[in-house]
Amino acid sequence: MATYTLDINNIKHEVDVSEGTSLLWVLREHLGLTGTKYGCGIAQCGSCTIHVDDTPMKACILQVDTVAEGQKIKTIEGLSDDGDHPVQKAWIEAQAPQCGYCQSGQIMQAVALLKENPNPTREEIKTYMNGILCRCGTYLRILEAIELAAGAKIPTN
Amino acid sequence: MSITSKRIDRRQFLKSSSGVALFIGVSGILPQLISCKEPKKLAEQLEKHRLTAWVQLTEAGELTIYNPAAEMGQGSMTSLPLIFAEEMDADWSKVKVEFSPQEAEIYGGEGWRPGSKLMFTVGSRTTNSYYSTMRKAGAQARYVLLTAAADHWDVPLSELSATNGQVVHQKTNREIGYGALVPFLKMPETLPDFAEDQLKNPKDFRLIGKEIARTEIPAKVDGTAQFACDIRLPEMVYGVLERGNLHGAKPDLTNEEEILAMDGVLKIVPFDYAIGVIAKTLEQALDAKKQLRIDWSKSQASGYNSQQIYAEYQKIADRRQKGEVTVEIGDVGNALRSASKTYMIDFKNDYVYHAQMEPLNAVVQVAEDLQSAEVWVGSQQGPDTKLGVPGLLGILPEKVTVHLQYLGGGFGRRSMNDFVEECAVLAMEMAPRPVKLIWTRKDDITYGTFRPLSLQRLQATVDATANITGLSHCVVGDGGNLVASGARNDHYDIPNQLVEWREATHGIRLKHWRSVGHGPNKFAIECLLDEVAMDQKIDPVDLRRKLMAKSPKALATLEKAAELSDWNGPVKEGRAKGVAFVEHGSLGTGVCEISVDRNSGKIKVHNFWIALDAGVIVQPDNVKAQMEGGIIMGMSSVLKEQITIEDGRVQQSNFDTYQLLRMQDIPDRIETALIASYDHPEGVGETATPMVAGAIANAFLRLTGKRLRHLPFTPERVLEVLNS
Ligand code: FES
Ligand code: FES
């Protein structure tokens, strides 16, 4: 066991866990930041996507000790105060989620995309979002939401 | 519009009702209106009556409507309360939605048996089975309010109307809000039972059929939507099980002491088929699970190799002796004897896995005296709304409280509550500490319950004028209805039909998987039709048009889909369109447009057009979302997904080896036309998925002249077919 200090959503959190513990378990089970989800544990589904220093990362394969040196971690809970980040608003507008389980990861990935590339093409969106699975099949609405958020309402086809 | 998934029980109900609790009884129970200022009386009433409490009203006019169905993405958290609010003439902007308690006698919809009640979110039945219940309950709520207003103003009831949360007396130009009526509420002498024709004319709907945003979506974009795996309770500990990958094998743990000595490990709990470990933290439980050394016995599945079994299945299909006949119309034997031509094709379907994005999990807390329990779970519920816990713990059903949470996908997997029972066993061991049970993705796959592997042998007969006179449909596989359902043709006018199921069993765990037997069986039927069409040089839509002549509703979906997809119009170079029809409560025709990369064998779906008749559509946009999701899940299973078994062992273990469709493979467009109808609503969640295999294979046949007859159509299989 060791004590780690994590900077999450601009708040410092101390946790006592063993070295090598997955950041995902720290967020969800130790700190109660349960908006970030577990889907596979091997960086295949993207449900656990968060930002570390503004870069989207899969929390399930990050060990706690590698993100406890002042890195700024952002989770869905820290994206906006009232769920009103432009990407979240676009998500509501497009009525994107179904079961909702994958959506925190989708949104975190989309926010990072638009920061890097404010006007992505359809193909760029698909490539950037390809690592985040949605079993309910909401991909077309996610695409639409990202286009809405980018302010580029590209007609289909 | 807001929503909470906060649990409600009767005690909380008492505390939280600030004005008056308005209980509206259905099934002949009178409504009970009791001021909360007399909590004792309310408590007495609650004790005395089995109340159906669908709605709560405050003096401020705020309404809470209870949703009795699981919410797994299909939209029940909006559709059912919306139906209620429609008949109640409620102001939707003042409505909050909560899950109802899991009490089937109060909140159950129509059960399988007449007169029985059930809380079971399966078979796309939610809207279909609750539509009348919710309408009637809503109308009764409205009636109570109207009679209160009539008394208050001393005017005849017949002079009153209601709209958007207001009672109106037009003669005197008076209006009063529902909330303002709270002080005057009384129980009417009698409560009309409201037959269908006393309810609103669907033409007058203000909420049903309109674009209404889903109530729970805001919580699903800010991370606050609560799934069972998100529950954290004081003193909670973590349980995991190692179940191996040979279904039915029995474990023998050989390093128990070593495991018990590990950090944080609290207990080892042996199951017949698994070894359970409970630890203080999840990571400790998972660490210990990895270290378990288990000798597994052989099982029924030992020696079974799924990809080699088809030869045996073909032999079973060859037998003269029929299996269990599930449909028999006319005389197929006669049609065979008198046919001018017969077509026979075998279709094969590998196992597929649910892959709901939230792996199974539950939280259970058993009281210290072992006489009561609380369960937090994402379940599609079941014939027993207490999910098997009372029997398992030997306690009374009323001593088990189930707190239903959002489901991170169901697709049929969560209508079996094995994971709840596991968690209850662990929680009993740890009582009174709550236990969170987590299935890893690997657990979820290797100990999954699959859509069975199956073989369909279809024979069609045609007469001299190319009419299809007979269809014989033989299904070989494990699981009865899991493989044999969905083979009926109620909308194709084929005078002689036979469906029979021949059993084969391997000891592999099986389960309903979105659309169940419809997936493999519609694939087979729709491909067979196109085979006939191609050979007889008939256009596939024309062929179906003729078959649907006696089913105008089905035909209308075909015509609409043909129109939407510009079926007869020009096709881009290297592309082709394929059509398939599905009835699954609702009726739908789908047309897809594909191309094939002849080097890699990869099929690309460019477009999907669907025309759907589902009766009254409660939430049009949500129905479209269900079509989109159903097509994507269908494409995923048809193009990629495959569970294989070697020597009884499941070979896949995570999303690296069990691939799902990703964003790069989605079509450019999925377009749905909803056919206007005032008929009773039919389920929509499982109508799109089974269209996909047939539509793709049919497009492939038109594009390449080659036949895809084995699901999934992986690039390797496609190449093999192209090179054959
Ligand atoms: S849980 Fe991290 S990628 Fe799947
Ligand atoms: S919304 Fe259910 S997995 Fe994406």
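**Figure 1. Polar contacts across the interface of chain A and chain B.** In this predicted model, 31 residue pairs are in polar contact across the interface of chain A and chain B, both residues of each pair having pLDDT 80 or more. Five helices of chain A each give two or more residues to the side that touches chain B: α1 (23–30), α2 (86–93), α3 (103–116), α4 (122–129) and α5 (139–149). Sorted by class, that side of chain A holds 27 nonpolar, 21 polar and 7 charged residues.

**Figure 2. The extent of the interface and its main contributors in chain A.** Here we step back to take in the whole contact region. Contacts link 55 residues of chain A with 63 residues of chain B. The size of an interface is often expressed as the accessible area lost when the parts come together. For chain A and chain B, the buried area is about 4,900 Å², with carbon and sulfur atoms giving 56% of it. If you would like residues to look for in chain A, try Q98(A), R135(A) and Y139(A): they lose the most area to chain B, and together they make up 17% of what that side buries.

**Figure 3. A salt bridge between the chains.** Side chains of opposite charge can pair when their charged atoms come close. Between chain A and chain B, the count is 6 salt bridges. One of them joins R135(A) to E641(B), and the closest N and O atoms of this pair lie 2.6 Å apart. R135(A) may be familiar from the previous view, as one of the residues of chain A that lose the most area to chain B.

**Figure 4. A salt bridge within chain B.** Over all chains, the whole structure contains 54 salt bridges. The one chosen here pairs K171(B) with E159(B), with 2.8 Å between the closest N and O atoms. The two residues sit 12 residues apart, in separate loops of chain B. K171(B) belongs to the loop between β10 (166–169) and β11 (174–177), while E159(B) belongs to the loop between α5 (126–153) and β9 (160–163).

**Figure 5. The seven-stranded open sheet of chain B.** To find your way across this sheet, follow its 7 strands in the order β14-β15-β12-β23-β19-β20-β22. The sheet is open and its pairing is mixed. At the edges stand β14 (265–270) and β22 (400–404) of chain B; each has a single partner strand, so one side of each lacks a neighbour in the sheet. From one strand to the next, the twist averages 20°.

**Figure 6. A parallel strand pair in chain B and the helix packed on the sheet.** Strands β12 (residues 237–242) and β23 (residues 435–438) of chain B run parallel and are joined by 3 bridges. Within this pair, G239(B) has L437(B) of β23(B) as its bridge partner. Helix α8 (residues 282–291) of chain B packs on the sheet, where it touches β12, β14, β15 (275–279) and β23 of chain B. The direction of α8(B) makes about 20° with that of β12(B).

**Figure 7. The five-stranded open sheet of chain A.** Chain A has an open sheet of 5 strands, in the order β2-β1-β5-β3-β4 and with mixed pairing. Its edge strands, β2 (11–17) and β4 (55–58), each pair on one side only. On average, neighbouring strands are turned by 40° against each other, direction ignored. β1 (residues 2–8) and β5 (residues 72–74) of chain A pair in the parallel sense over 2 bridges, and I8(A) stands opposite I73(A) in β5(A). α3(A) packs on the sheet, touching β3 (49–52), β4 and β5 of chain A, and its direction makes about 40° with that of β3(A).

**Figure 8. Backbone details worth a closer look.** Two cis peptide bonds in chain B are shown. One joins A431(B) and P432(B), with omega about 5°, and P432(B) lies in the loop between α12 (418–430) and β23 of chain B. Another runs from L711(B) to P712(B), with omega near 0°; P712(B) is in the loop between β33 (710–711) and α20 (715–722) of chain B. In chain A, N9(A) has a positive phi of about 50° although it is not a glycine. N9(A) is found in the loop between β1 and β2 of chain A.

Key:
Residues numbered from 1 in each chain as written. Chains lettered and ligands numbered in written order. Predicted model: local features only at pLDDT ≥ 70, side-chain atom pairs only at ≥ 80, totals over all residues. Heavy atoms only, no water. Contact = heavy atoms within 4.5 Å. Buried area = accessible area lost by both parts, 1.4 Å probe. Salt bridge = Lys/Arg side-chain N within 4 Å of Asp/Glu carboxyl O. Polar contact = N/O pair within 3.5 Å; in protein donor to acceptor, adjacent residues only side chain to side chain. Helix = DSSP H or I, 4+ residues; strand = E, 2+ residues; numbered from the N terminus. Nonpolar A, V, L, I, M, F, W, Y, C, P; charged D, E, K, R; others polar. Pairing = 2+ DSSP bridges. Axes fitted to C-alpha atoms, helices over the stretch in contact; angles between N-to-C directions.
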